[in-house]
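Here are my notes on this one, in the order I'd go through them with the model open. Have a look and see whether you read it the way I do.

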Amino acid sequence: MRLKISLASSSGNYLIPYNYNHILSAIIYRKIADLDLASKLHFSKDFKFFTFSQIYVPQFKLTKRGVVSRDGKLEFYISSPNDELIKSLVEGHLENTEVNFKGDNLLVEQIELLKRPVFKESMKMRTMSPVMARIKREVNGKLKIWDLGPGDERFYESVQKNLINKYVKFYGDFDGDRWVRIRPDMKSAKRRRIDIKGNFHRAFMMNFEIEADQRLLEFAYDCGIGEKNSMGFGMVDLVNNRYDEI
């Protein structure tokens, strides 16, 4: 299931910092009405099975300090294969129609449950938050985390392995074809350097064509692809998908 959250500041020209993943993550955890579920997810060291998008600002201006929303409005999306989590987030936003965004109270103008697209075994997709894929690499005798880019075949091997692992962890098993073919549109690939509380992550926005078992594609749509989905990485959508309210 997927939600669109629309927020608004009481004043125009509202500044949004370029690195806000930890801010949105905190908002999500605080809005889970089921406190036991929120605590379980927050302290889990395993997959958390949700992802969220970048912030979208309808009327914006770029500055050195961040993006300025001219009319104070901003939007983002949350997606998860865990229906109970999505329902609890809806309940949390309805119980309290404000969120704390970097110390400011923003009004939750609207929360929308989005219509699910029709899935096929081959689809064109785009990222709504950058995809992170990494490997461990030995440097001077020590294993270090190495970020991969879409020009490296290991990027796609990592995404495929991660997707299968998440699916099996969530559903308990997967009895289909585990092959996932991703053909990137390299012209669309753009690197993003995300700072999360002093830790820098290299990830990529891109369009791509993907072929896989339909169940894996639906799970990728719900859960995200690549690593650190619950910190705002790897959310995907169909290219040219138009959301309609249910």
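1. Let's begin with the four-stranded sheet. Its order is S12-S13-S9-S14, the sheet is open, and the pairing is antiparallel. Strands here are DSSP E runs of at least two residues and helices are H or I runs of at least four, numbered from the N terminus; two strands pair if DSSP finds at least two bridges between them. Strand S12 (181–196) and strand S14 (236–238) stand at the edges; each has a single partner strand, so one side of each is left without a neighbour in the sheet. On average, neighbouring strands of this sheet are turned by 30 degrees against each other, direction ignored.

2. A word on what we're looking at. This is a predicted model, with residues numbered from 1 along each chain as its sequence is written. Local features need pLDDT of at least 70 and side-chain atom pairs count only at pLDDT 80 or more, while totals for chains, interfaces and linings use all residues; side-chain values use heavy atoms, with hydrogens and water left out.

3. Back to S12. It pairs with strand S13 (residues 199–211) in the antiparallel sense over twelve bridges, and Asp 185 stands opposite Asn 207 in S13. Helix H4 (residues 153–171) packs on this sheet, touching S12 and S13, and its direction makes about 85 degrees with that of S12. Contact means heavy atoms within 4.5 Å; axes are lines fitted to C-alpha atoms (for helices over the stretch in contact), and angles run from 0 to 180 degrees between N-to-C directions.

4. Now the other sheet. Five strands form an open, antiparallel sheet in the order S3-S6-S1-S8-S7. S3 and strand S7 (98–101) are the edge strands, each pairing on one side only. Strand S1 (residues 2–8) pairs with S6 over seven bridges and with S8 over six, antiparallel in both cases. You can see this at Leu 3: its bridge partner in S6 is Ile 78, and in S8 it is Leu 113.

5. At one edge, strand S3 (residues 51–52) and S6 pair in the antiparallel sense over two bridges, with Phe 52 standing opposite Ile 78. At the other, four bridges join S7 to S8, and Phe 101 stands opposite Asp 104 in S8. S7 and S8 form a hairpin with two residues between them; Lys 102 in the turn has a positive phi of about 45 degrees, so take a look at its backbone.

6. Two helices lie across this sheet. Helix H1 (residues 21–31) lies across S3, S6 and S7, running at about 150 degrees to S7. Helix H3 (residues 83–95) lies across S1, S6 and S8, at about 135 degrees to S8.

7. Strand S6 (residues 73–79) is mostly covered, with six of its seven residues buried (under 20% relative accessible area; exposed is over 50%, partly exposed in between, with a 1.4 Å probe and protein chains only). Is Glu 75 buried or exposed? Glu 75 has a relative accessible area of 18%, so it counts as buried. Leaving aside neighbours within four places in sequence, its contacts are Lys 4, Ile 5, Ser 6, Gln 54, Ile 55, Tyr 56 and Pro 58.

8. On to the rings: how many aromatic pairs does a search of the whole structure find? There are 14 (Phe, Tyr and Trp rings, the six-membered one for Trp, with centres within 6.5 Å; planes under 30 degrees apart are stacked, over 60 edge-to-face, the rest tilted). Phe 119 and Tyr 221 form an edge-to-face pair, 5.3 Å centre to centre with 75 degrees between the planes. The pair links distant parts of the chain, 102 residues apart: Phe 119 is in the loop between strand S8 (104–113) and strand S9 (122–127), Tyr 221 in helix H5 (residues 214–223). Both residues are buried.

9. Tyr 167 and Phe 174 are edge-to-face as well, at 5.0 Å and 75 degrees. Tyr 167 counts as buried because its relative accessibility is 8%, and Phe 174 likewise at 4%. Ring pairs link both of them with Phe 47, Phe 49, Phe 170, Tyr 171 and Phe 219 into a cluster.

10. Two arginines sit over rings (CZ of Arg or NZ of Lys within 6 Å of the ring centre and within 35 degrees of the ring normal). The charged end of Arg 2 is 3.8 Å from the ring centre of Tyr 221, and that of Arg 193 is 4.0 Å from the ring centre of Phe 200. Arg 2 also stands opposite Ser 79 in S6.
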